[in-house]
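Me: I am new to this structure and would like to go through it step by step. Could we look at it together?
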Amino acid sequence: HTLKEEPHRIVWVYAIVTQRSPFGFAFMRQGTMFFKLSDGDALSVLMPSGKLKLVSRFLNRLLPHAAFGYSTDREQLFEVNPEQLRRRVNE
């Protein structure tokens, strides 16, 4: 809903991959895409880890105003004021 109806609310997008390795054997890789919103809220979507790159490229085009990728600096900016992560888009 947010991507379609209110994409302007999304200010930061990043993904993580979780790998489960019981007894040292790679068993499962799961991806999670995080969407951080201008009001300080967050959404997340689980998906196969192999799809994260493709989805991220698509979202980069769909959300040119949003910051992409995780860093501790971005985490701190989001905590202080999520709007600081909004990129300026040439109009």
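Me: To start, is Leu62 buried, partly exposed or exposed, and why?
Reply: This is a predicted model. In it, Leu62 is partly exposed, because its relative accessible area is 36%, and partly exposed covers values that are neither under 20% nor over 50%.

Me: Where does Leu62 sit?
Reply: Leu62 belongs to helix H2, which covers residues 52-62. On the surface, Leu62 also forms a nonpolar patch with Leu3 and Phe58, and together they have about 250 Å² of accessible area.

Me: Now the inside. Which residues make up the largest nonpolar core?
Reply: Eleven residues make up that core, including Ile10, Val13, Met33, Met47, Leu59 and Phe68. Strand E1 (10-20), strand E2 (28-37) and H2 are the elements that give two or more residues to this core. The largest share, three residues, is from E2.

Me: Is there a second core, and what does it include?
Reply: A second, separate core has seven residues, among them Trp12, Tyr14, Phe34 and Leu85.

Me: Back to Met47: what is in contact with it, apart from neighbours within four places in sequence?
Reply: Met47 is in contact with Gln30, Gly31, Met33, Leu52 and Val55.

Me: What order do the strands take in the sheet?
Reply: The open sheet has four strands in the order E3-E2-E1-E4, and the pairing is mixed. Strand E3 (42-48) and strand E4 (67-68) each have a single partner strand, so one side of each is left without a neighbour in the sheet.

Me: How many bridges join E2 to E3?
Reply: Seven bridges join these two strands, which run antiparallel. For Phe34, the bridge partner in E3 is Ser44.

Terms used:
Residues numbered from 1 in each chain as written. Predicted model: local features only at pLDDT ≥ 70, side-chain atom pairs only at ≥ 80, totals over all residues. Heavy atoms only, no water. Patch = residues over 30% accessible without salt bridge, like charges linked within 9 Å, V, L, I, M, F, W, Y side chains within 5 Å. Areas by Shrake-Rupley, 256 points an atom, 1.4 Å probe, with all protein chains shown as cover. Salt bridge = Lys/Arg side-chain N within 4 Å of Asp/Glu carboxyl O. Buried < 20%, exposed > 50% of the residue type's maximum accessible area, 1.4 Å probe, protein only. Core = buried A, V, L, I, M, F, W, Y, C linked by side-chain atoms within 4.5 Å. Contact = heavy atoms within 4.5 Å. Pairing = 2+ DSSP bridges.
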